[in-house]
Amino acid sequence: MYAIFKEEQIKQAKATYDQHCDFYKGNINLDQLKSHQNNKLRDVIKYVSENSPFYKEHLKGLTASDISTLKIDELTNIPFTTKDDLRNQGAALVAAPMHKSWIYYETTGTTGKPTPCPRNETDSIHNNTPLIINYRSIFEQYGSEHIVGVMGPTELHSTGDTFEDVFRSLGYGVVKMWPRSPVVGMKRVMALINELQITALVCTPAVAIAIARFMQSSGQSPGSTSVKLILTVGELTTPSLLRNIGDVWGAKVYSCMYASQESSILAVCAADSELYTTPLNNYYEIIDPVSGTSYDITQGQVMGELVITHLYEGQKPLIRYRTGDMVRSTYQSDGRQKIIPVGRVRDVLSLNGAAYCAWDLEAALLEQLHGCLDYAIRIDTKDGIDCLDITVEMFDKDADTSIASTLLTVKAHLEKAIPGVKISVISGETSNITATSAMVSWKAARIHDVRPSADNSDREAALALINQGFKS
């Protein structure tokens, strides 16, 4: 990662790496962490107030004196930055001239105007460093020599570049291949896995599933390949779905990070398969998504919308950015939070008057359903009661002769997890809309809500994507 850096950038990279190593070794206590966050917060607020046209206006109530004494405990006095701000303001949020950016990315624009997401070397250094440190401990469990197949959603996405830098820094070979590209395609991806003896894949769960299906239809078992490790990105994924993907591939599967194109890396998977925040890089708040009130994250487990503030002077730092994502957070003694992304705020479903997150529905469905890699849910109301008609697609349709009995067990489990809702579970085939999850949302891909009050705008965006030629 450092080969193309200038001397000053190399020094910055080394200092950042050393500091993160100290943190993971426990050499930075809570008081030191808080002092670091306070100092970085002041630097970043000053930086964006002076250089970002949007933040000059957005933070105009802060004087130079206010900024010089600002503490993270006082962040609640600063207004949020929202997704609408990012969509409407675009390049006005950028705090450094575009020609100084390291690289340009943008969001897919499937549910609105694409958001510019340029990054500079400071962004790369701060975001890649915790990945390098944590992934080393994961990969070394599976040998010292790896070839990693990296598959991102689009050419304008950061996945390919980020993982290329990370794995090159670890000394591993990288193959960037796009199975949804008409030039590469599934057939060539399968050939590359076999020809190069690729040991690890980085992709969305939907892509891991699609490749497995293609291999099966081509007469090859995914479990017979050299792949022993899969890092999934970009989609809400429960441990049960990871287990099912791993069973099919004969590989260990990790949900390897929590991130977004606009906010970069917010949490990283550790060797224990859990996601942990990176408090040297970001300050995290958990808020009530309706009132905007911040919860005390130090008090056990809390659930709410994640709000982040970047603590490094990158190309486009965000201040109190409302991610729109619901998370469960458990505070750790070293100042990190163990988090579980449970779905977007707008994906929360009301079933018979009770609220359910995407994560809870998937977990309840798949907890006792091995061999299922895909599912779709239709929601309707009959006689005043909400009904879930669920179609599950089993990977090996011939192996389980007792599927009917298994689905009855799953149905009973769901009825306990979602009391009062009528549930039907059948085995069948899902449509290609389920593959659009990382491109639009879990709800768009999995849920068809035909109730009169339902909002299906995301589903319509996913269908439009398919009509434009998107293939799973």
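Right after helix H10 comes Gly250, and its phi is positive, near 65 degrees. Keep in mind that this is a predicted model, so the picture below is a picture of that prediction.

Helix H10 itself is a good place to start looking around. Of its 11 residues, 8 are buried, so the helix is largely enclosed by the rest of the structure. If you want to pick them out on screen, the buried ones are Ser240, Leu241, Leu242, Asn244, Ile245, Gly246, Val248 and Trp249.

Step on to Ala251 and you're in the loop that links helix H10 (239–249) to strand E5 (252–255). Is Ala251 buried or exposed? It counts as buried, because its relative accessibility is 14% and the cut-off for buried is under 20%. Setting aside neighbours within four places in sequence, Ala251 touches Val227, Lys228, Leu229, Ile230 and Gly246. There's also Ala200, which sits 51 residues away along the chain, with 8.9 Å between its C-alpha atom and that of Ala251.

Two of those contacts of Ala251, Leu229 and Ile230, lead us to strand E4 (residues 229–232). Here Leu229 and Leu231 point one way while Ile230 and Thr232 point the other way, and all of them are buried. Strand E4 pairs with strand E3 (residues 200–203) in the parallel sense, over 4 bridges. One spot to find there is Leu201, whose bridge partner in E4 is Ile230.

Now for the sheets. One is an open sheet of 7 strands, running E6-E7-E8-E12-E11-E10-E9 with antiparallel pairing. Strand E6 (257–260) and strand E9 (282–287) are the edge strands, and each has a single partner, so one side of each has no neighbour in the sheet. From one strand to the next, the twist averages 45 degrees. At the E6 end, Tyr258 stands opposite Ala267 in E7. Lying across E6 and E7 is helix H6 (residues 121–139), which runs at about 20 degrees to E7.

Another open sheet has 4 strands in the order E17-E16-E15-E18, and its pairing is mixed. Its edges are strand E17 (422–427) and strand E18 (447–449); each has just a single partner strand, so one side of each is left without a neighbour in the sheet. The twist here averages 15 degrees from one strand to the next. Helix H11 (residues 358–366) packs on this sheet, where it touches E15 and strand E16 (385–394), and its direction makes about 115 degrees with that of E15. Across the pairing of E15 with E18, Ile377 stands opposite Ile447.

Here are three of the strand pairs side by side:

| Strand pair | Sense | Bridges |
|---|---|---|
| E3 and E4 | parallel | 4 bridges |
| E6 and E7 | antiparallel | 4 bridges |
| E15 and E18 | parallel | 3 bridges |

Last stop: the empty space inside. How many cavities of 30 Å³ or more are there? The count comes to 1, with a volume of about 100 Å³. Its lining is made up of Cys117, Pro118, Arg119, Asp123, Gln261, Glu262, Ser264, His310, Tyr312, Gly314, Lys316 and Pro317. By character, that lining splits into 4 nonpolar, 4 polar and 4 charged residues. Some of these names tie back to what you've already seen: Asp123 is one of the lining residues and falls in helix H6 (residues 121–139), while Ser264, also in the lining, belongs to strand E7 (residues 264–269).

Key. Residues numbered from 1 in each chain as written. Predicted model: local features only at pLDDT ≥ 70, side-chain atom pairs only at ≥ 80, totals over all residues. Heavy atoms only, no water. 1 Å grid on protein atoms, 1.4 Å probe; cavity = no way out; pocket = protein on both sides within 12 Å on 5 of 7 lines; lining within 4 Å. Points joined across faces, edges and corners; volume = space filled by probe spheres on them. Nonpolar A, V, L, I, M, F, W, Y, C, P; charged D, E, K, R; others polar. Helix = DSSP H or I, 4+ residues; strand = E, 2+ residues; numbered from the N terminus. Buried < 20%, exposed > 50% of the residue type's maximum accessible area, 1.4 Å probe, protein only. Contact = heavy atoms within 4.5 Å. Pairing = 2+ DSSP bridges. Axes fitted to C-alpha atoms, helices over the stretch in contact; angles between N-to-C directions.
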